[in-house]
Amino acid sequence: MAFPEDVLTEDEHVVLHLHPHWKALIRPILVLVLAVAAVVAGWVLLPEGDGGTIALYVIAALGLVLVFWLGLWPFLVWRTTHYLFTNERVLLQEGVFSRNRRDLPLTRINDHAMHQKFLERLLGCGTLTIESAGERGQSVLSDVPHVDKVQTRLYELVEAHHDRHSLGDGEMREILADMAEGKPLRDPSA
């Protein structure tokens, strides 16, 4: 399920598009394997006859429910969770049936921090906390793959965005000199 390109502005482009780390899929895979193993074991070990057949159907039904509840659902949540970093903002989107999306403009990002537990360091993931100016304050991105590289890339994006949308010392001096001479202000981006 790709992230829809129609949510991007005209000059905006995707720099990073991530899902949570693959470790979120370990439990769903284990549930599937155990459910299949239970059905196969029941088929092989249960006695023939009505009692064995009923028990096999119960095991299969229970396995099917567990696969959907503990296997398919976490996979769908993983697949529909997007961490999108563009040259203008960070978009966080989640939701299987309903959808929640949060946009963090790069201009409003004040601080960002990463945290890795020991196991997360071994697996190459972690938590990225983004502090932004606004009512909601912090956004916590869990299980970000290569969180150290993502944090560095976010820093680069924020700095590049700031540099693109602010005046340099030379441009400011020119504007002040023009103002002192009484010249009309000109658009610095022109």
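This passage describes how a helix, a sheet and a nonpolar core fit together in a predicted model.

A good place to start is the sheet. Four strands make up an open sheet, arranged in the order 1-2-3-4 with antiparallel pairing. At its edges lie strand 1 and strand 4 (100–105), each of which pairs on one side only. From one strand to the next, the twist averages 10 degrees. Within this sheet, strand 2 and strand 3 run antiparallel and are joined by four bridges; one pair to look for is Phe85 with its bridge partner in strand 3, Val90. Strand 3 is also joined to strand 4, here by six bridges and again antiparallel, and Leu91 has Asp103 in strand 4 as its bridge partner. Strand 3 and strand 4 form a hairpin with five residues between them. In the turn of this hairpin, Gly95 has a positive phi of about 130 degrees.

Next comes helix 4, which spans residues 147–164. Its 18 residues reach 25 Å from the first C-alpha to the last, close to the 26 Å expected at 1.5 Å a residue. Which residues of helix 4 are buried? They are Val147, Val150, Gln151, Leu154, Leu157, Val158 and His161. These residues lie on the same side of helix 4 because they cover an arc of only 120 degrees around the axis. A general rule helps to make sense of such a pattern: an α-helix has 3.6 residues a turn, so residues three or four places apart point the same way. Lys149 and Asp163, on the other side of helix 4, are exposed.

What covers the buried side of the helix? The cover includes strand 1 (14–18), strand 2 (82–86) and strand 3 (89–94), along with strand 5 (109–115), strand 6 (125–132) and strand 7 (138–145).

The largest nonpolar core brings several of these elements together. This core has 17 residues, and those with the most contacts inside it are Phe85, Val90, Leu128, Ile130, Leu141, Val144 and Leu154. At least two residues each are supplied by strand 2, strand 3, strand 6, strand 7 and helix 4, and the largest share, five residues, comes from helix 4. In soluble globular proteins, nonpolar side chains tend to be buried together. Ile130 is a handy residue to follow by eye: leaving aside its neighbours within four places in sequence, its contacts include Val90, Leu104, Ile109, Leu141 and Leu154. Asp111, His112 and Gln138 are also among the contacts of Ile130.

Methods:
Residues are numbered from 1 along each chain as its sequence is written. This is a predicted model: local features need pLDDT of at least 70, side-chain atom pairs count only at pLDDT 80 or more; totals for chains, interfaces and linings use all residues. Side-chain values use heavy atoms; hydrogens and water are left out. The expected span of a helix is 1.5 Å times one less than its number of residues. Buried means under 20% relative accessible area, exposed over 50%, partly exposed in between (1.4 Å probe, protein chains only). The arc is that of the directions from the helix axis to the C-beta atoms. Contact means heavy atoms within 4.5 Å. Two strands pair if DSSP finds at least two bridges between them. Axes are lines fitted to C-alpha atoms, for helices over the stretch in contact, and angles run from 0 to 180 degrees between N-to-C directions. A nonpolar core is a set of buried Ala, Val, Leu, Ile, Met, Phe, Trp, Tyr and Cys residues joined through side-chain atoms within 4.5 Å.
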